[in-house]
Amino acid sequence: RGGFSFYSAELGERGRHRMDIEEGLRRAIDQGQLALHWQPKVDIAAWQIVGAEGLMRWAHPVLGEVSPGEFIVIAEQCGLIDELGHWALREACRTAAGPLAGMCLSVNVSPVQLRNGQFVNQVRDALREFHTEPACLELEITESVFLDDVEGALEQLHALRGLGVRIALDDFGTGYSSLAYLRQFPFDTLKVDRTFVSEVLSRTDSRAIVQMIAQLATTLGMRTVSEGVETAQQLAAVGQAGCHEVHVFLVSRALPLADFALFWHGWSGHPPLAATLH
């Protein structure tokens, strides 16, 4: 009301593309178009693969490979993110009990999933269905899950911890109340945001923040995972700062399950420019 806008062919095409994505997502799970690709997490000191994160990929029959940055946002807007997250959870449990048995696998959990009163039951059911060891499943959350209902989120997290699964706090250091959350819930893993890691060589304050997070995590009995490491020099810096693991393209891009299994079994155990890590 009281405004106007000009229509253009580009706007129309954009709207039709969004509708194609939304309609396609409603069929993607049943038609087997979704897959989890796996990116390794490597222990810096031992230089061994100790886990992997599942990243969702979608091969649309007409549009081809659709970026997660595009379809995840649309799934959140149209109410499909809970269904996609449930599929990813079950797929991670199936994989942890089969092709990648013995490895801790991580999947992202959206705030919508965590607010679902059935989410804890969904996790319990998936673990039982695939006979998955709870310690082999890690659920990654962001601080946004605490925005609307802190007490409710903490209750859900404690219930999940009661199942024996691991809980990771993603993008740590970018929120306003990170330390308060650490006092209220003992996370297993803190993931250092790539914003700090990307500047760890060029800015002393970024390096100090990475070191502070690593020391804090160690004191609280948590492990730290650094994201965004792109060079051997950055790898050396986060290792010297005290971080435990890296989860980055420097090690490997996210791979389809069969390719990741081959990559894992063929792992050499030799870090790039190993001498710089000491």
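This report describes helix H9 and its surroundings in a predicted model.

Helix H9 comprises residues 204-219, and its length is consistent with its residue count: at 1.5 Å a residue, the 16 residues should span 22 Å, which agrees with the 22 Å that separates the end C-alpha atoms. Beyond the helix comes Gly221, whose phi is positive, near 80°.

The two sides of H9 are set apart by their burial. Ser206, Val210, Ile213, Ala214 and Ala217 are buried, and because these residues cover an arc of only 95° around the axis, they lie on the same side of H9. In general, an α-helix has 3.6 residues a turn, so residues three or four places apart point the same way. Thr204 and Thr219, by contrast, are exposed on the other side of H9. The partners against which the buried residues of H9 pack are strand S6 (166-172), strand S7 (189-192), helix H8 (194-197), strand S8 (223-227) and H10.

With helix H10 (residues 232-241), H9 packs at an angle of about 45°, the axes being 8 Å apart, and the two helices are therefore oblique to each other. The residues that make this contact are listed by helix below.

| Helix | Residues in the H9–H10 contact |
|---|---|
| H9 | Arg207, Val210, Gln211, Ala214 |
| H10 | Ala237, Val238, Gln240, Ala241 |

Sorted by class, the contact of H9 with H10 contains five nonpolar, two polar and one charged residues. Val210 and Ala214 belong both to the buried residues of H9 and to the residues through which H9 touches H10.

Notes
Residues numbered from 1 in each chain as written. Predicted model: local features only at pLDDT ≥ 70, side-chain atom pairs only at ≥ 80, totals over all residues. Heavy atoms only, no water. Axes fitted to C-alpha atoms, helices over the stretch in contact; angles between N-to-C directions. Helix = DSSP H or I, 4+ residues; strand = E, 2+ residues; numbered from the N terminus. Parallel < 35°, antiparallel > 145°, perpendicular 65-115°, else oblique. Contact = heavy atoms within 4.5 Å. Nonpolar A, V, L, I, M, F, W, Y, C, P; charged D, E, K, R; others polar. Expected span 1.5 Å × (residues − 1). Buried < 20%, exposed > 50% of the residue type's maximum accessible area, 1.4 Å probe, protein only. Arc of directions from axis to C-beta.
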